[in-house]
Protein chains: 2
Amino acid sequence: MNDSAVEASSKETSKQGLPRLADVAAHAGVSSKTVSRVVNNEANVRPQVRAQVLRSVAALGYRPNAAARALVTQRTHQIGLIATASSLYGPTAGLFSLEQAAWKAGYGLTLTTVQEASEAQLGEAIHYLMVRGVEGVIVSGVAGVLHLGTSTLADMPLVSTSPITTESAKHVLVDSDQVAGTRAAVRHLYNSGHRLIAHLAGPLGWDSAARRRDGWRLELEDLGLHPGPLLEGDWSPRSGYEAALTLDRTAATAIVVANDHMAMGAIRAFTEKGLHIPDDMSVVGFDDVPEAAYQIVPLTTVRQDFSSVAERSVHELIQLIEGRPAEETCIHLPTELIVRASTARCFGNPN
Amino acid sequence: MNDSAVEASSKETSKQGLPRLADVAAHAGVSSKTVSRVVNNEANVRPQVRAQVLRSVAALGYRPNAAARALVTQRTHQIGLIATASSLYGPTAGLFSLEQAAWKAGYGLTLTTVQEASEAQLGEAIHYLMVRGVEGVIVSGVAGVLHLGTSTLADMPLVSTSPITTESAKHVLVDSDQVAGTRAAVRHLYNSGHRLIAHLAGPLGWDSAARRRDGWRLELEDLGLHPGPLLEGDWSPRSGYEAALTLDRTAATAIVVANDHMAMGAIRAFTEKGLHIPDDMSVVGFDDVPEAAYQIVPLTTVRQDFSSVAERSVHELIQLIEGRPAEETCIHLPTELIVRASTARCFGNPN
DNA sequence: GCAAAGGTTGACAGCGCTGTCAGTAAGCGA
DNA sequence: TCGCTTACTGACAGCGCTGTCAACCTTTGC
């Protein structure tokens, strides 16, 4: 019945000086198993015993030891996240949503990064996470197709934004519908009278960059147009700037850019070349970063909902972890075209 | 001597079906303690025994169980990160550097977020991390001053970008030198002839926002100038836009903005009002986000090195974790003024 | 009033690993 | 050759917790 401060008791015997289940049990006058029941909210404990235990827990400042618990239950309730190390908006924006979704579901998030999606780096990251006992892995914003043939990840629940080369039932893809996104951008430009529509892609080794390019190309084909010039950047504003410098108004009157930051760089480059946006060149971005709406020329862009992707990813992963097989193995979330001021009617091609 | 594939052996007895130390020991014909020695790279194992054990480890695909290890060694080698949930550039940019620095030092990173830095939310986050057994905590981009009086964090190694109200020797502050940053911005504007210099601050409940404002005010005082208008935003481009809408050219010829994204919003607002940047209004940002250099009007800004802050934070934290007291409890890393095109001489005030 | 059923509690083993310490083999000087 | 040091190896306990199972204590129905 000792209700004194946190550091009160002197009987606790844990190595670290932290109180253990047994200390709480002694304090409350019950067995440690009963304390365990209370702490884990199990049924069949008399209310007054429960209350007394709770009081002792508070009095001693008891916290369960995750390692001990994990050891016996074989559950860590940890999710691993593998992300590409970059300070780019896209991959990071969903991070907090990811964490919050995991938190709500009672899971912790262990973060790890790779510089590039080489098999070696990915393998190292996976090893790192598995040693730490994660129960599932989310791979976010990693280039290319994941090859997990005989790898150690083959049997681990995994959600990725990139396709994976396994038939494992434990692998699910969750991502924005990139193809539909650039398709919508192209259609919008077409409807505005543009016929010469270029694309500034992300690094095409990245699956999402390739899919955005595919959308652009497919929509042009459906529209009966020849694809305009295809440029490639590395997602950075600088690369957008440099790529756009090489593009001529004779080659295209509009360009679909694979992300907003490259679009900003491109707009800067066009401006330098004396082209006015949108009158001389229409530009569509992708992502809808917060500052896109507040550029001097507010950016028309394809919004993707990073939060939804993150939440859905966590949801699907936890389904897999808890043994429920995935209903769909390939989930594409909708994107939305946000028309602002960087696109205009093309009067050169007045249809 | 079985060198077959990972899933080979059928003798492993772990609940999860994963091989344990004892399985490797049996496979190699040694005791589990010897395997433990090899796995942990301890001395005093005969080379050929070591080699044999290593072969068995590889053959069985053995991975040490972190929970068991943590239980007995009382070390988790995990660092907790508390960040504010937002998709803003500042707080997230250093995240990957943080992770990489932790990785190199052999630590894992567990991420958690708070919506706001209320005592309640922070307490919850801390509890979450402590239950997961982190050995130290980094608090990044959290508003205000941390009050950790009798809190459970009081005795835990902690590195923060905000000041903390404890005398604990285990708490260190690592951050960019915000004051010097805005001071440099003001001086640059002064040297360009500006005398009416406004400030658009971040949310002043945030310590970093308050310090940036202080730098602005202090430099103006040192220069013998009265502070111009002080506005407040919430770091977002939108808030910068809205704040700038209220600012008149008669009130200021230049403005120091507390981050780049608000600066972009402000530039957009000024442009809408018919003010030309930089001729009618000079704008200085803070952060130097990647797209700042590629705006239609490239942004003059105060660059802070998020990577250095992150690396230093991890370094200091690990010092604390490993029991070495901090040499400095308050570390400010330098910032650098990057002059681009959003600032110009003020001809209205020709010195 | 008694048995059966159900609710509540605790003793004990053991999760997979490492620290301790004792024991055995090898090296070495006299 | 012996005795002593040093290099290696393994038996065993136990980290803090939960699962199992047996024991006990209430209720309830008749």
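Let's start with the surface near DNA strand C: by class, that surface has eleven nonpolar, nine polar and eight charged residues. Please keep in mind that this is a predicted model.

Which residues come nearest to strand C? Out of the 28 residues around DNA strand C, they are Thr34(A), Arg37(A), Leu21(B), Ser36(B) and Tyr62(B). And if you look at the atoms of strand C that come within 4 Å of the protein, sugar and phosphate account for 67% of them.

Now zoom in on some phosphate oxygens of strand C. One of them lies 3.0 Å from a backbone N or O atom of Ser31(A). Over on chain B, a backbone N or O atom of Asn65(B) is 3.2 Å from a phosphate oxygen of DNA strand C. With Arg69(B) the side chain takes part: one of its polar atoms lies 2.8 Å from a phosphate oxygen of strand C.

Which elements give two or more residues to this surface? They are H2 and H4 of chain A, together with H2 and H4 of chain B. H4(B) gives the most, with five residues.

Okay, let's turn to DNA strand D. Here there are 27 residues around the strand, and Leu21(A), Ser36(A), Tyr62(A), Thr34(B) and Arg37(B) come nearest. Of the atoms of strand D within 4 Å of the protein, 68% belong to sugar or phosphate, and the rest belong to bases.

Find Asn40(A) on your screen, please. A polar atom of the Asn40(A) side chain lies 2.8 Å from a phosphate oxygen of strand D. For Asn65(A), a polar backbone atom is 3.2 Å from a phosphate oxygen of strand D. Chain B joins in through Ser31(B), where a polar backbone atom is 3.0 Å from a phosphate oxygen of that strand.

Four helices each supply at least two residues of the surface near strand D: helix H2 (32–39) and helix H4 (66–73) of chain A, and helix H2 (32–39) and helix H4 (66–73) of chain B. The largest share comes from H4(A), with four residues. By class, this surface has ten nonpolar, nine polar and eight charged residues.

Let's stay with H2(B) for a moment and look at a neighbour. How do helix H1 (residues 21–28) of chain B and H2(B) pack? They pack at an angle of about 105 degrees, with their axes 8 Å apart. So H1(B) is roughly perpendicular to H2(B). Where they meet, H1(B) brings Leu21(B), Ala22(B), Val24(B) and Ala25(B), while H2(B) brings Ser32(B), Val35(B) and Ser36(B). By class, that contact has five nonpolar, two polar and no charged residues.

Last stop: a sheet in chain A. This one is an open sheet of six strands with mixed pairing, in the order E7-E6-E8-E9-E10-E12. Which strands sit at the edges? Those are strand E7 (230–232) and strand E12 (335–338) of chain A, and each pairs on one side only. From one strand to the next, the twist averages 20 degrees.

In chain A, strand E8 (residues 254–257) and strand E9 (residues 282–287) run parallel, joined by three bridges. You can find Ala254(A) standing opposite Ser282(A) in E9(A).

Finally, look for helix H11 (residues 260–272) of chain A. H11 lies across strand E6 (197–201), E8, E9 and strand E10 (300–304) of chain A, and runs at about 160 degrees to E9(A). Thanks for listening, everyone!

Definitions and conventions
Residues numbered from 1 in each chain as written. Chains lettered and ligands numbered in written order. Predicted model: local features only at pLDDT ≥ 70, side-chain atom pairs only at ≥ 80, totals over all residues. Heavy atoms only, no water. Near = heavy atom within 4 Å. Polar contact = N/O pair within 3.5 Å; in protein donor to acceptor, adjacent residues only side chain to side chain. Nonpolar A, V, L, I, M, F, W, Y, C, P; charged D, E, K, R; others polar. Pairing = 2+ DSSP bridges. Axes fitted to C-alpha atoms, helices over the stretch in contact; angles between N-to-C directions. Contact = heavy atoms within 4.5 Å. Parallel < 35°, antiparallel > 145°, perpendicular 65-115°, else oblique.
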